[in-house]
Amino acid sequence: MDFTPTEDQAAARDLAARIFGDLSTHDRLSAAGTGTDAALWKALCSAGLVAAVTDVGLLGLVLLLEEQGRTTAQVPFAASCVYGLLAVAAHGSPEQRERLLPGIGDGSVVVSGALPAQGGVRAGARGGLSGTAPVVPWLRDATHVLVADDRRRLWLVRTADAGCEPVELTAPWSAGRLTLDGTPAERLGGDHDGAGPERAGHDRSDHDRIDHVYADVVATARTAFAGLQAGVCAGSLARAVAHTNTREQFGRPLAAKQAVQLRAADAYMDTEAIRLTAYEAAWRRDEGLPYAAQALTAAWWASEAGQRVVHTGQHLHGGAGADLEHPVHRHFLWGRQLDAYLGCGSEVLQELGKLIAYGEAET
């Protein structure tokens with residue numbers, strides 16, 4: 001394995017770091033409230049960073065999301081790249097790729113995802129989807145939603161055709177409740193077996209294809225959001241280090257205390273574990289290797305270690321860390337949101353155990 005960024009990946013990461021650093025400031029985040037920073041999103045798309053993901057791959061996206069996480073930038077970058085750009089590029093029909101990818105790349109089309117499948121959405125016998133997805137991140141910004149039905153088939157739904165009600169989450173992700181009532185939808189990859197109930201004689205190969213597409217999209221999402229968590233944790237730790245080096249107690253910096261050093265060291269190792277497991281899963285996908293187990297491993301570290309790190313970052317700030325307006329508190333909110341998104345630690349660990357037990361880790 002070689003996680004050294006390519007020239008294109010490094011250039012994209014450095015550009016993202018400059019844009020996020022310049023525009024995702026404390027004042028702008030405060031002004032945005034819980035909404036998306038439209039100017040920042042426009043700047044990212046204009047710089048070609050969303051479109052570049054098709055070239056830099058999932059590992060490149062993880063590098064970009066680390067930079068977003070460091071600043072807790074409020075844009076639908078992860079969602080639109082995972083559920084839109086990468087999902088359509090990998091599994092969309094030629095017509096869907098031609099129609100949707102240019103718009104996703106320039107930001108005029110924003111895609112979110114109602115995943116993982118929880119059985120709340122069903123396809124009707126005469127077409128259309130019905131059901132509810134209680135929480136869809138960045139739904140308020142999305143033009144399309146990638147929806148998983150009760151059979152784990154993936155559908156693209158236009159938000160203009162659906163019911164979208166704002167929902168506030170722990171982190172400011174412009175989320176919403178998606179309500180479908182016979183809503184028109186198109187299958188990701190084209191219509192293979194219709195929108196209705198499973199037909200008689202439906203062969204096993206199509207079931208396998210459906211499972212593969214769904215599993216790939218979820219694994220890609222878990223890997224990408226683990227990369228985002230690595231950035232959130234790195235940003236939290238950087239703020240804690242800066243604070244403890246300047247804050248003095250009894251004439252000495254807090255950073256001189258052994259207990260503080262140990263907490264910070266543990267947080268650093270946890271952050272590195274999240275980062276490296278996300279890199280491994282992303283690299284394997286880009287290389288065309290099995291990566292289901294690696295994606296679950298990255299998701300477990302992002303959940304379990306992620307919450308430890310953001311708690312540490314807040315704790316090392318003392319009373320200031322409890323201030324809802326303090327920048328480190330945003331990292332705390334993002335870290336806690338990410339630790340349960342797409343499955344908490346115990347859930348992904350159970351999935352990983354089944355994957356290993358049934359000998360499917362390399363499929």
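Does Arg 152 count as buried, partly exposed or exposed, and at what relative accessibility? Arg 152 counts as partly exposed, at 33% relative accessibility. The model is predicted, and this report goes through its backbone, core, charges, rings and cysteines.

**Backbone exceptions**

Most residues other than glycine have a negative phi, and most peptide bonds are trans. Arg 152 departs from this pattern: it is not a glycine, yet its phi is positive, about 65°. Its place is the loop between β4 (144-148) and β5 (154-158).

Leu 342 also has a positive phi of about 65° without being a glycine. This leucine is found in the loop between α10 and α11. Leu 342 is buried, with a relative accessible area of 6%.

One peptide bond to check is the step from Leu 115 to Pro 116. That bond is cis, with omega near 0°. Pro 116 lies in the loop between β1 (111-114) and β2 (121-123).

**Nonpolar cores**

In soluble globular proteins, nonpolar side chains tend to be buried together. Here the largest nonpolar core has 77 residues. Leu 61, Phe 77, Tyr 83 and Phe 225 touch the most other members. Helix α7 (residues 204-246) gives the most to this core, with 14 residues. A second, separate core has 14 residues, including Val 136, Val 147, Val 157 and Leu 180.

Phe 77 shows what such contacts look like in detail. Neighbours within four places in sequence are left aside here. Phe 77 is then in contact with Trp 41, Leu 44, Leu 49, Val 50, Leu 61, Leu 64, Leu 65 and Gln 68.

**Salt bridges**

Side chains of opposite charge can pair when their charged atoms come close. A search of the whole structure finds 17 salt bridges. Three of them are set out below.

| Acidic residue | Basic residue | N to O distance |
|---|---|---|
| Asp 149 | Arg 153 | 2.8 Å |
| Asp 216 | Arg 285 | 3.5 Å |
| Asp 339 | Arg 336 | 2.7 Å |

The bridge between Asp 216 and Arg 285 links distant parts of the chain. Asp 216 is in helix α7 and Arg 285 is in helix α8 (residues 258-286), 69 residues apart. Asp 216 counts as buried at 11% relative accessibility. Arg 285 counts as buried at 18%.

Asp 149 is buried, with a relative accessible area of 0%. Its partner Arg 153 counts as buried at 2% relative accessibility. In the third bridge, Arg 336 is partly exposed, with a relative accessible area of 32%, whereas Asp 339 is buried at 6%.

Salt bridges that share partners also build a network. Its members are Glu 66, Glu 67, Arg 70, Glu 272 and Arg 275.

**Aromatic rings**

The structure holds 10 aromatic pairs. Trp 173 and Phe 225 form a tilted pair, 6.2 Å centre to centre, with 40° between the planes. This pair links distant parts of the chain. Trp 173 is in the loop between β6 (163-166) and β7 (176-183), and Phe 225 is in helix α7, 52 residues apart. Trp 173 counts as buried at 1% relative accessibility. Phe 225 counts as buried at 5%.

Phe 225 also pairs with Tyr 341. That pair is edge-to-face, 4.8 Å centre to centre, with 75° between the planes. It too links distant parts of the chain, with Tyr 341 in the loop between α10 (327-338) and α11 (345-357), 116 residues from Phe 225. Both residues, Phe 225 and Tyr 341, are buried.

One aromatic cluster is formed by Trp 138, Trp 173, Phe 225, Trp 334 and Tyr 341. Elsewhere, a charge meets a ring: the charged end of Arg 187 sits over the ring of Trp 155, 5.5 Å from its centre.

**Cysteines**

How many disulfides does a search of the whole structure find? The count is 0. Two cysteines illustrate why. The sulfur of Cys 81 is 8.3 Å from the closest cysteine sulfur, in Cys 45, so it is too far for a bond. For Cys 233, the closest cysteine sulfur is in Cys 344, 16 Å away, again too far for a bond. Cys 81 is buried, with a relative accessible area of 0%. Cys 233 also counts as buried, at 0% relative accessibility.

Definitions and conventions
Residues are numbered from 1 along each chain as its sequence is written. This is a predicted model: local features need pLDDT of at least 70, side-chain atom pairs count only at pLDDT 80 or more; totals for chains, interfaces and linings use all residues. Side-chain values use heavy atoms; hydrogens and water are left out. A nonpolar core is a set of buried Ala, Val, Leu, Ile, Met, Phe, Trp, Tyr and Cys residues joined through side-chain atoms within 4.5 Å. Buried means under 20% relative accessible area, exposed over 50%, partly exposed in between (1.4 Å probe, protein chains only). Helices (H or I, at least four residues) and strands (E, at least two) are DSSP runs, numbered from the N terminus. Contact means heavy atoms within 4.5 Å. A salt bridge is a side-chain nitrogen of Lys or Arg within 4 Å of a carboxyl oxygen of Asp or Glu. Rings of Phe, Tyr and Trp (its six-membered ring) pair if their centres lie within 6.5 Å; planes under 30 degrees apart count as stacked, over 60 as edge-to-face and the rest as tilted. A charge sits over a ring if NZ of Lys or CZ of Arg is within 6 Å of the ring centre and within 35 degrees of the ring normal. A disulfide is a pair of cysteine sulfur atoms within 2.5 Å.
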